[in-house]
Amino acid sequence: MRRPPAPAAAGDAAAAASLRLAQAAARNLARLRRAPALHPDGLVCSGVLTVPGSPHRAWGVPLLDDPGTYEVTARWSRALGLPQALPDGFGLALRVEGADGPGRPWDLLLTTSGDGRLLRHVPLPRRRPLAGPYGTLTAYRVGPRTCWLAAVPRDPHHAVRGGLPALRRHLLRTDVVLDLCVAARGQPWRPVGVLVLTPRLPWTGTSPGYDPYRHTAPGLRPSTRLGPLRQAAYAGSRAGRRRAA
């Protein structure tokens, strides 16, 4: 008589099955859409991240403690790709060039979220893309601390109404300015840099292939709690786009 699998082995098998399912689902959806499985439609723009630095190296992270200016490629998108008239979760993907030296970028994925200390962990659909903060939702290891990151639009941009077309028209008239912020658990947001986005790059729906697990900066790493599942989905999405091409 065969013995039933040990609990640990059964758990490992279930986890492996979940990863395969996530990868296959993302691969098939990306192949059908000929675009990323999630956040399929977007617009790309360029920008600059300016970090004033921390005088006492408070974060234990070179990117946040040392003054610097970095070129950024940003992609705004809608999470589910719903019609523009409907609320959707907006995404803001950032590629910070040279964050870990020449040719070594840092990718940061942000989603529309709430303002408060509890709601900032919750993705919130919106009709207006600049009506509130964009947060990481999952925790980051920031030096010795567990923190969350956010990009918070400044007040003049809150009046932008509509989806990506309205945001595109707004960007063609003026820059969009956001404060890059960090918060430890239960603490308020602390600004660590200023992000200015401009319409200098051609508008396109093509994603540069952001991946926060492959492109990290020293001392800044996303939580591993959902890491394997998200990495499987990213890999499936990339494979599906290659097959579609």
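Val-177 has Val-196 in strand S9 as its bridge partner, and that pair is a good place to start reading this predicted model. The two strands involved are S8, covering residues 176-184, and S9; they pair in the antiparallel sense over 7 bridges. Follow the chain from S8 into S9 and you go round a hairpin with 5 residues between the strands. In that turn sits Gly-186, with a positive phi of about 75°.

S9, which spans residues 190-198, also pairs with strand S1 (residues 42-51). Here 5 bridges join the two strands, and they run antiparallel. If you want one contact to display, take Ser-46, whose bridge partner in S9 is Thr-198.

Let us step back to the whole chain for a moment. The protein chain has 4 helices and 10 strands. In sequence order these elements read α-β-α-β-β-β-β-β-β-α-β-β-β-α. Of the 245 residues, 44% count as buried. The chain exposes about 12600 Å², and 57% of this comes from carbon and sulfur atoms. Contacts across the sequence can be put in numbers too: among those between residues at least 6 apart, 64% join residues at least 24 apart.

Now move to strand S4, residues 106-112. This strand is mostly covered, with 6 of its 7 residues buried. What joins S4 to strand S3 (residues 90-96)? The answer is 6 bridges, with the two strands running antiparallel. One residue pair to pick out is Leu-94 with its bridge partner in S4, Leu-108. S4 is also joined by 2 bridges to strand S5 (residues 134-135), again in an antiparallel arrangement. There, Thr-111 stands opposite Gly-135 in S5.

The S3 and S4 pairing also brings us to a charged pair. Asp-107 forms a salt bridge with Arg-95, and their closest N and O atoms are 2.9 Å apart. Asp-107 belongs to strand S4 and Arg-95 to strand S3, so this pair links distant parts of the chain, 12 residues apart. Are these two residues buried or exposed? Asp-107 counts as buried because its relative accessibility is 0%, and Arg-95 is buried as well, with a relative accessible area of 13%. Arg-95 has a further partner: its charged end sits over the ring of Tyr-210, 5.4 Å from the ring centre.

The structure holds 4 salt bridges, among them the one just described between Asp-107 and Arg-95. Another is formed by Arg-104 with Asp-100, where the closest N and O atoms are 3.0 Å apart. Arg-104 counts as partly exposed, at 49% relative accessibility, and Asp-100 is partly exposed too, at 25%.

A further salt bridge takes us back to strand S8, where our tour began. The side chains of Arg-154 and Asp-179 meet there at 2.8 Å, N to O. Why does this pair tie together separate parts of the chain? Arg-154 lies in the loop between strand S7 (145-153) and helix H3 (164-173), while Asp-179 is in strand S8, so the salt bridge connects parts that are 25 residues apart in sequence. Arg-154 is partly exposed, with a relative accessible area of 36%.

Finally, turn to the aromatic side chains. A pair of aromatic rings is described by the distance of the centres and the angle of the planes. In this structure the count comes to 1 aromatic pair. The ring centres of Trp-76 and Tyr-134 are 5.6 Å apart and their planes meet at 75°, so the pair is edge-to-face; the cut-off for that label is an angle over 60 degrees. The pair links distant parts of the chain, with Trp-76 in strand S2 (residues 68-78) and Tyr-134 in strand S5, 58 residues apart. Trp-76 is buried, with a relative accessible area of 0%, and Tyr-134 is likewise buried at 0%. Tyr-134 also leads back to the strand pairing above, as S5 is joined to S4 by 2 bridges.

Conventions:
Residues numbered from 1 in each chain as written. Predicted model: local features only at pLDDT ≥ 70, side-chain atom pairs only at ≥ 80, totals over all residues. Heavy atoms only, no water. Buried < 20%, exposed > 50% of the residue type's maximum accessible area, 1.4 Å probe, protein only. Pairing = 2+ DSSP bridges. Contact = heavy atoms within 4.5 Å. Areas by Shrake-Rupley, 256 points an atom, 1.4 Å probe, with all protein chains shown as cover. Phe/Tyr/Trp six-rings, centres within 6.5 Å; stacked < 30°, edge-to-face > 60°. Lys NZ or Arg CZ within 6 Å of the ring centre and 35° of its normal.
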